[in-house]
Amino acid sequence: MVGDTSNAADPLVDGRRLSAIVASAQYREDLTRYLTGYESWVGPCPDPHISAPIETLVLQQTIPFPGVPTPIEPQWIDIVRVTGCAQPYERPVYATLRDGKTVFFAQLLGSTRAQPYLQDRTVKRLVAEQKQSAIASGCEQTQPVRVLTTAYVSESGSEYGKAWRENWTVANCHGLKQVPVSFKPDHAGRISISFEAW
């Protein structure tokens, strides 16, 4: 879920038009460096080739994401085509400026309902746990665990608000594996994460 977007606007971002920022060589270099690192670490394609953004969508409402806890400048999403592996795909990437520097956040593929901070927490924990499991089952420590896609399953009521379930597909040296992921709000308004069906 990427939120409300419109590509009609060309807002000022830190005194520059967004269209000029995303067209600049520096911006494209920064985006390529960021996304190459992300895809190489956890994405479906370990040897990615990153295209120039095929579309830029301006967010109508700013949202917090890692590196930008309190958004000030306008935010946008670049849709980037990733090739270099068997199946090309398009990766949405949140972007904004923070203290004059571009900050990016790659949106997970699929239909997750988790917002960026929750995605980030879930990916880090899931990859760490699945890595330990993969090593215990014979994978080399240097072999990555990748998050291929996400699929929203259902929601239900809970004591502190709506909870929901998703299936995340991960890959290790043995192949693909579906991991049930449950998200549940607690009394403090934080979302707890568990990797098991209810």
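I take helices and strands as DSSP runs numbered from the N terminus, a strand needing at least two residues, and on that basis I place Asp 99 in the loop between β7 (89–98) and β8 (101–106). The model I am reading is a predicted one.

**Entry 1: the two loop aspartates**

For Asp 99 I looked up the backbone and found phi near 55 degrees, a positive value in a residue other than glycine. I noted this since most residues other than glycine have a negative phi. Asp 99 counts as exposed, because its relative accessibility is 76% and the cut-off for exposed is over 50%.

I then turned to Asp 14, which sits in the loop between β2 (12–13) and β3 (16–17) and has a positive phi of about 55 degrees although it is not a glycine. Asp 14 has 45% relative accessibility, so I entered it as partly exposed.

**Entry 2: the chain as a whole**

I listed three helices and 12 strands for the chain. Its radius of gyration is 18 Å, close to the 16 Å that the globule rule gives for 198 residues, so I could write that the chain is as compact as a globular protein of that length. The C-alpha trace spans about 50 × 40 × 25 Å along its principal axes.

Of the 198 residues, 39% are buried, and the accessible surface of the chain comes to about 10,300 Å², with 51% of it belonging to carbon and sulfur atoms. Looking at contacts between residues at least 6 apart in sequence, I found that 54% of them join residues at least 24 apart. For the charges, I compared the mean positions of the 19 positive and the 20 negative ones, and these lie 3 Å apart.

**Entry 3: aromatic pairs**

The structure holds 10 aromatic pairs, of which I wrote up two. Tyr 38 and Trp 41 form an edge-to-face pair, at 6.3 Å centre to centre and with 75 degrees between the planes. Both residues belong to helix α2 (residues 25–41), and because they are three residues apart there, about one helical turn separates them. Their exposure I recorded separately: Tyr 38 counts as buried at 11% relative accessibility, whereas Trp 41 counts as partly exposed at 42%.

The other pair I wrote up is Trp 168 with Phe 183, which is tilted, at 6.5 Å centre to centre and with 45 degrees between the planes. Trp 168 lies in strand β10 (residues 161–172) and Phe 183 in strand β11 (residues 175–185), so this pair ties together parts that are 15 residues apart in sequence. Trp 168 is buried, with a relative accessible area of 0%, and Phe 183 counts as buried at 0% relative accessibility.

I also noted one aromatic cluster, formed by Tyr 27, Tyr 34, Tyr 38, Trp 41, Trp 76 and Phe 104.

**Entry 4: Thr 122**

Which residues are in contact with Thr 122, leaving aside its neighbours within four places in sequence? I found Trp 168, Val 181, Phe 183, Ile 193 and Phe 195 in that list. Thr 122 itself lies in helix α3 (residues 116–136). With a relative accessible area of 0%, Thr 122 is buried, so it falls in the class for which the cut-off is under 20%. Two of the names in its contact list, Trp 168 and Phe 183, are the partners of the tilted pair from the entry above.

Definitions and conventions. Residues numbered from 1 in each chain as written. Predicted model: local features only at pLDDT ≥ 70, side-chain atom pairs only at ≥ 80, totals over all residues. Heavy atoms only, no water. Helix = DSSP H or I, 4+ residues; strand = E, 2+ residues; numbered from the N terminus. Rg over C-alpha atoms; globule rule 2.2 N^0.38 Å. Buried < 20%, exposed > 50% of the residue type's maximum accessible area, 1.4 Å probe, protein only. Contact = heavy atoms within 4.5 Å. Areas by Shrake-Rupley, 256 points an atom, 1.4 Å probe, with all protein chains shown as cover. Lys, Arg positive; Asp, Glu negative; His and termini not counted. Charge placed at Lys NZ, Arg CZ, Asp CG, Glu CD. Phe/Tyr/Trp six-rings, centres within 6.5 Å; stacked < 30°, edge-to-face > 60°.
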